[in-house]
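Let's take a walk through this one together. Have the picture open and turn it around as you read.

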Protein chains: 2
Amino acid sequence: MNIGEVAERTGLPAKTIRYYEEIGLITPHRSANGYRSFDDTHAHKLAFLGRARGLGFSIEECRALLALYEDRARASADVKRIAAGHLADIEAKMAELAAMRDTLSELIDQCAGDHRPDCPILADLAEDGGG
Amino acid sequence: MNIGEVAERTGLPAKTIRYYEEIGLITPHRSANGYRSFDDTHAHKLAFLGRARGLGFSIEECRALLALYEDRARASADVKRIAAGHLADIEAKMAELAAMRDTLSELIDQCAGDHRPDCPILADLAEDGGG
DNA sequence: CATAAGGCTTCCAGTCACGGGAAGGTCAAG
DNA sequence: CTTGACCTTCCCGTGACTGGAAGCCTTATG
């Protein structure tokens, strides 16, 4: 199948699929006219990549997961390690965002939000480290 | 003061300060030798920017906040609106991450993590949409 | 005066994972 | 023969910097 069909099947934009080829995640065949030609295995891998990316795995993590997926002698521990590392990243990001959210929502609550210029949000941002 | 000193005072890397000048967030003077010359106002603005960036505001949001900060006739409602929009962004990102975390941690729990190849994490990623 | 160290300058390239769009080849239908 | 959809490659832009090269300025030392 051509790139348009595999794009529709996998839900990935054609641009993304070309990019994945460029960085060596997949290697579609070429038809006589130069068009990329995908088979079910390619579509399957692309769907795999789409789901892994959807869970926030980086491209390099996806590459490793795909290699493990194709390795029948893999150890599930290797997969688990990658996933656990990614989970830790996610939790770290969430903690960072939670800290921002807490500070911000407190400041927002304190701000009158009217026509007057006095604003605890700006006051906090302008504050010297001292206080 | 030179860029090194203001960098140390504000905690921002010199590279970042040059970048902020390039995009028009600050406009330091120039000494006769061509060096950037910062006064306390510049340092104050940079510190403001550092704190706003630390709360995750984008550069354009920082630009707007800085303009409001310098506008004595501002309405606190304008500040509050920007902050509330950013808070909503943060909460959306957190929700996305929470969904990833939930799926991932469930899969990780189900994975034996040993030498055997069977792995529910890979199985899930490889799954057809049908199931 | 020469030299070395450290700070400053500009400019260019890279990051991550694509997306937009131009210029042009290919294919099926009318 | 033309239209229109699809495909190709190539290059630029994103956000907010970061790293590094090449070279000028200043200060300290011999």
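To compare copies of a chain, we superpose them by least squares on the C-alpha atoms of residues with pLDDT of at least 70 in both. Two copies of a chain are related by a rotation about an axis and a shift along it. Here, a turn of 180° with a shift of 0.0 Å along the axis lays chain A on chain B, with an RMSD of 0.0 Å. That's the relation of a two-fold axis. Look for A:Met94: of the residues of chain A, its C-alpha comes closest to the rotation axis, at 3.0 Å.

Some ground rules: this is a predicted model, where local features need pLDDT of at least 70 and side-chain atom pairs count only at pLDDT 80 or more, while totals for chains, interfaces and linings use all residues. Residues are numbered from 1 along each chain as its sequence is written, chains are lettered from A and ligands numbered from 1 in the order in which they are written, and side-chain values use heavy atoms, with hydrogens and water left out.

Now, where do the chains meet? In contact (heavy atoms within 4.5 Å) are 51 residues of chain A and 51 residues of chain B. Of the interface residues of chain A, 100% are also interface residues in chain B, so the copies meet through the same surface. About 4,300 Å² is buried between the two chains, and carbon and sulfur atoms give 74% of that; buried area is the accessible area (1.4 Å probe) that two parts lose on being put together, summed over both.

Which helices of chain A do the touching? H3, H4 (59-70), H5 (76-110) and H6 (120-126) each supply at least two residues of the side that touches chain B. Helices here are DSSP runs of H or I, at least four residues, numbered from the N terminus. The largest share, 20 residues, comes from H5(A).

Let's zoom in on A:Phe48, in helix H3 (residues 40-54) of chain A. Is A:Phe48 buried or exposed? Its relative accessibility is 0%, so A:Phe48 counts as buried; buried means under 20% relative accessible area, exposed over 50%, partly exposed in between (1.4 Å probe, protein chains only). Not counting residues up to four places away in sequence, A:Phe48 touches residues including A:Leu65, A:Tyr69, B:Leu122 and B:Leu125.

Finally, find B:Ser76 in helix H5 of chain B. B:Ser76 counts as buried too, at 0% relative accessibility. Leaving aside neighbours within four places in sequence, B:Ser76 is in contact with residues of chain A, among them A:Cys111, A:His115 and A:Cys119.
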